Amino acid sequence: MAGNWQTFTAPSGVSADTMLLLTDASVLVHNADGTSGAGTGGNDWYRLTPNDSGSYRNGTWSGALRMTTERQFFATGVLADGRVFAVGGEYATGFAQDACALGEIFDPQTNS
């Protein structure tokens with residue numbers, strides 16, 4: 001059986017790149033557009049929570065969830081307890097190219 005792609009609208013100004021499906025079925029979406037203008041990627045994430053029927057198209061977007069460091073082309077993962085990590089980055093604010101060794105962890109239960 002063939003499936004169909006459906007479109008939906010992200011918040012204004014969001015240029016989505018990395019997306020992670022969380023253990024609670026919400027999706028974290030990284031905004032690739034940074035605020036520094038230095039080409040280092042972004043530090044804002046948005047969270048898309050499906051509605052009660054499981055529809056992402058009709059789901060709810062959170063406001064920006066901000067990382068400390070703007071980064072682009074970085075490693076991410078979802079841990080078994082639901083927390084998310086982001087590490088490194090080919091481009092990252094305050095670091096030479098390919099030199100970022102910082103990581104950050106996000107807890108979706110506390111939004112921090």
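Accessible areas here come from the Shrake-Rupley method with a 1.4 Å probe, and for residues only the protein chains shown count as cover. This is a predicted model, where local features need pLDDT of at least 70 and side-chain atom pairs count only at pLDDT 80 or more, while totals for chains, interfaces and linings use all residues. Residues are numbered from 1 along each chain as its sequence is written, and side-chain values use heavy atoms, with hydrogens and water left out.

**Figure 1. The whole protein, an all-strand chain with 0 helices and 9 strands.** Going along the sequence, the pattern reads β-β-β-β-β-β-β-β-β. The radius of gyration is 15 Å, close to the 13 Å that the globule rule gives for 112 residues, so the protein is as compact as a globular protein of that length. (That radius is taken over C-alpha atoms, and the globule rule is 2.2 Å times the number of residues to the power 0.38; helices, H or I with at least four residues, and strands, E with at least two, are DSSP runs numbered from the N terminus.) Along the principal axes, the C-alpha atoms fill a box of roughly 45 × 30 × 30 Å. About 6800 Å² of the protein is exposed, with carbon and sulfur atoms supplying 51% of that area. Buried residues account for 35% of the 112; buried means under 20% relative accessible area, exposed over 50%, and partly exposed in between (1.4 Å probe, protein chains only). Take the contacts between residues at least 6 apart in sequence, and 38% of them join residues at least 24 apart. Contact means heavy atoms within 4.5 Å.

**Figure 2. The largest pocket, with a volume of about 190 Å³.** Among its 13 lining residues, W45, R66, M67, I105 and F106 are the closest to the centre. Strand 5 (65-72), strand 7 (84-87) and strand 9 (103-106) are the elements that each give two or more residues to the lining. Sorted by class, that lining holds 9 nonpolar, 2 polar and 2 charged residues. (Ala, Val, Leu, Ile, Met, Phe, Trp, Tyr, Cys and Pro count as nonpolar, Asp, Glu, Lys and Arg as charged, and the others, Gly among them, as polar.) As for what a pocket is: on a 1 Å grid over the protein atoms alone, it is an open set of points where a 1.4 Å probe fits, with protein on both sides within 12 Å along at least five of seven lines, and lining residues have an atom within 4 Å of a point. Grid points are joined across faces, edges and corners, and the volume is the space filled by probe spheres set on the points.

**Figure 3. The second largest pocket, with about 150 Å³ of space.** Its lining is made up of Q6, F8, M19, V27, V29, L48, Y56, R57 and W61. By class, that comes to 7 nonpolar, 1 polar and 1 charged.

**Figure 4. N43, a buried residue at 7% relative accessibility.** N43 sits in strand 3 (residues 42-49). Setting aside residues up to four places away in sequence, N43 touches H30, L65, R66, M67, T68, T69 and E70. One of these, R66, also turned up among the residues closest to the centre of the largest pocket.

**Figure 5. F73 and D98, two loop residues with positive phi.** Most residues other than glycine have a negative phi. F73 isn't a glycine, yet its phi is about 60 degrees. F73 belongs to the loop between strand 5 and strand 6 (75-78), and it is exposed, with a relative accessible area of 52%. Beyond its neighbours within four places in sequence, F73 is in contact with G89, E90 and Y91. V87 is 14 residues from F73 in sequence, and their C-alpha atoms are 9.7 Å apart. D98, also not a glycine, has a phi of about 65 degrees. You'll find D98 in the loop between strand 8 (91-92) and strand 9, exposed at a relative accessible area of 56%.

**Figure 6. G103 in strand 9, and Q109 in the segment after it.** G103 is partly exposed, with a relative accessible area of 47%. Not counting residues up to four places away in sequence, G103 touches A86 and V87. Q72 is 31 residues from G103 in sequence and 13 Å away, C-alpha to C-alpha. Q109 counts as exposed, at 71% relative accessibility. From Q109 to R83 it's 26 residues in sequence and 8.2 Å in space, again C-alpha to C-alpha.
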